[in-house]
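Biologist: I am new to this structure. Could you walk me through how to read it?

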Amino acid sequence: LQDASKPHFVLVPFMAQGHTIPMIDMAHLLAKHGAMVSFITTPVNASRIQSTIDSAGELDIPIQFVPFQLPCAQVGLPDGCENVDRVLEKDQVKKLTDAYSMLHKPLVLYLRQQTVPPSCIISDLCQPWTGDVAREFGIPRLMFNGFCAFSSLCRYLIHQDMVFENVDDGDELVVLPGFPHHLEVSKARSPGNFNSPGFEKFSEKILDEERRADSVITNSFYELEPLYVDAYQKRIGKRVWTIGPMFLCNADRGTMTDRGAKASVNEKHCMEWLDSMQHGSVLYVSFGSMACTVASQVEEIALGLEASKRPFLWVIKSDDRTTEIDELLPEGFEGRTRCRGLIIQGWAPQAMILSHPSIGGFVTHCGWNSTIEGISAGLPMITWPHCAEQFLNEELIVNVLKVGLAVGVQSITNRTMKPHEISIVKREQIERAVVELMGEDAGAKERRTRAKELKEKARKAIDEGSSYSNIRQLIEYISIRVT
Ligand code: UDP
């Protein structure tokens, strides 16, 4: 694995599926284009991504997965609590970020032992401590934030210009100064996980390291959002490397199965079911890796899907883990929709499903990975944001790219909220959106045509276009810096 002729990229993801999965794709992409890669993880996370690691081995791609034990006990976390997905309380997230920063010493030690010294660190926005490690080795730190350029720019402007400083009402709309066009944002619908009480120092460190970072890597492609890539780049005064959609570099190489976790469905059965459905007829419904659906919302979705009369493949992650999913579903629902519905409870092989020709639409929570996967599959989308930057992504999908239809979510939903605090999307809203998206009126056809065009552009960008040339330039840029 150690090849002195190659630049050595050290990748430090944040330990949540939505952050780790694209970094694994990045590792593959860099290795494929001739870099040596060390991927820093933890034993618990390494076991979760084992299948992806194995497939990297099979592909003979030189990635070293380096599992460091997190000092959980030292920060008051139970053993094995290594992943944000499993950590429900905010104060535990805080402890977890502290535990990560304690990897500073072991990482330095590891890097000192390498025959090939590190050339750069690419780390998640939420791993700001890696800036100090990079400086210790005199190498650049490149920041990966998992957002698209549109939402990155919004986030940057909101934080840098303290847009909500004097805003108390979370729903108050504020015009975002410095944005390329008129855009109104609200505090409640903007990314701010780390701006809550207790996170002030961490948040400050993130911003500081963002300013000090050499450049920024984005899992998007230039042709998708040129206005925002240019504006973001100009505003932060550094290079924004658009190298996505990164997962496409492996889409034909077997790494689409068990992506991020072991699927809770027999993948062959799932594909056979899709094979049996009509081309472009099935709606895929999934809200990513973190969001859980409360029982009353499960019922509304079920009745909305049933009333739409469309085929569906629905991934349910219920917040109520003690109850079997069929107990949450309306009585007789499964029987009535048996011929046109498939439910996966738990983890779905999403990228594989989305690329199946029977899928014709995607109900998404607008996490950026899901969004870019939907775009790459050429699918029109029903947008159903829950939290983080998802409301900003919804704006991009619906009003800028015009490939989506908003289901009409009014307020934020996150897994720390109590069921009564969550505002439920009603079955009629769901039915209306599904019928409209999957229908044949002019708007639906235009959405589909635009989505197909974006699919073509995405494929071209990674195969031979802007993302392909950016990844090569990036490797060359780092190689030159170390020689
Ligand atoms: N994912 C998956 N199966 C699931 C849920 C999620 O493969 O059942 C993958 C999905 O394809 C995407 C990632 O997990 O790559 C989720 O990231 P996203 O940014 O969409 O949302 P998050 O989970 O961070 O909210």
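The talk below goes through the sheets, the helix pairs, the ligand site and two backbone details.

Modeller: One thing before we start. This is a predicted model.

Biologist: Let us begin with the sheets. In which order do the strands of the 7-stranded open sheet lie?

Modeller: Read across the sheet, not along the chain. The order is E3-E2-E1-E4-E5-E8-E9, and the pairing is parallel.

Biologist: Which strands stand at the edges?

Modeller: Strand E3 (63-67) and strand E9 (240-242) do. Each has a single partner strand, so one side of each lacks a neighbour in the sheet. On average, neighbouring strands here are turned by 25 degrees against each other, direction ignored.

Biologist: Show me one pair. How many bridges join E4 to E5?

Modeller: Strand E4 (residues 120-124) and strand E5 (residues 141-144) are joined by 4 bridges and run parallel. Look at Ile122: opposite stands Leu142 in E5.

Biologist: What does H6 touch when it packs on this sheet?

Modeller: H6 touches strand E1 (8-12), E4 and E5. The direction of H6 makes about 175 degrees with that of E4.

Biologist: Now the other open sheet, with 6 strands. What is its order?

Modeller: Going across, E12-E11-E10-E13-E14-E15, with parallel pairing. The edges are strand E12 (341-345) and strand E15 (404-406). Each of these has a single partner strand, so one side of each is left without a neighbour in the sheet. Here the average turn between neighbouring strands is 20 degrees, direction ignored.

Biologist: How many bridges pair E10 with E13?

Modeller: Strand E10 (residues 282-286) and strand E13 (residues 359-364) pair over 5 bridges, in the parallel sense. One residue to find is Ser286, whose bridge partner in E13 is Thr364.

Biologist: Which strands does H16 touch as it packs on this sheet?

Modeller: Helix H16 (residues 390-400) touches strand E14 (381-383) and E15. The direction of H16 makes about 120 degrees with that of E15.

Biologist: On to helix pairs. What describes two packed helices?

Modeller: Two values do: the angle between the axes and the distance between the axes. Take helix H11 (residues 295-308) and helix H17 (residues 427-438). They pack at about 40 degrees, with axes 8 Å apart.

Biologist: Why are H11 and H17 called oblique to each other?

Modeller: Angles under 35 degrees count as roughly parallel. The angle of H11 and H17 is about 40 degrees, and these helices are therefore oblique to each other. H11 passes H17 in a right-handed crossing. On H11, the contact residues include Ile301, Leu305 and Ser308. On H17, they include Arg427, Ile430 and Val434. By class, this contact has 7 nonpolar, 2 polar and 3 charged residues.

Biologist: How do H18 and H19 pack?

Modeller: Helix H18 (residues 442-463) and helix H19 (residues 466-482) make an angle of about 25 degrees, with axes 4 Å apart. That makes H18 roughly parallel to H19. Their crossing is right-handed. Ala461, Ile462 and Asp463 of H18 meet Ser466, Ser467 and Tyr468 of H19. The classes are 3 nonpolar, 2 polar and 1 charged.

Biologist: And H5 with H6: at what angle do their axes cross?

Modeller: Helix H5 (residues 104-113) and helix H6 (residues 130-137) cross at roughly 30 degrees, and their axes come within 10 Å. This crossing is right-handed. His104, Leu107, Val108 and Leu111 of H5 make the contact with Asp132, Val133, Glu136 and Phe137 of H6. It has 5 nonpolar, 1 polar and 2 charged residues.

Biologist: Next, the ligand. Which residues come nearest?

Modeller: Of the 19 residues around the ligand, Gly18, Gly288, Ser289, Gly367 and Ser370 come nearest. Helix H1 (17-32), helix H14 (350-354) and helix H15 (368-376) each give two or more residues to the shell. H15 gives the most, with 4 residues. The shell divides into 7 nonpolar, 10 polar and 2 charged residues.

Biologist: Last, the backbone. Where is the cis peptide bond?

Modeller: It joins Gly244 and Pro245, with omega about -5 degrees. Pro245 lies in the loop between E9 and helix H10 (267-275).

Biologist: What is the phi of Lys309?

Modeller: It is near 65 degrees, a positive value in a residue other than glycine. Find Lys309 in the loop between H11 and strand E11 (312-316).

Conventions. Residues numbered from 1 in each chain as written. Predicted model: local features only at pLDDT ≥ 70, side-chain atom pairs only at ≥ 80, totals over all residues. Axes fitted to C-alpha atoms, helices over the stretch in contact; angles between N-to-C directions. Left-handed = near helix turned anticlockwise from the far one by under 90°. Contact = placed C-beta atoms within 7 Å. Nonpolar A, V, L, I, M, F, W, Y, C, P; charged D, E, K, R; others polar. Near = placed C-beta within 6 Å. Parallel < 35°, antiparallel > 145°, perpendicular 65-115°, else oblique. Pairing = 2+ DSSP bridges.
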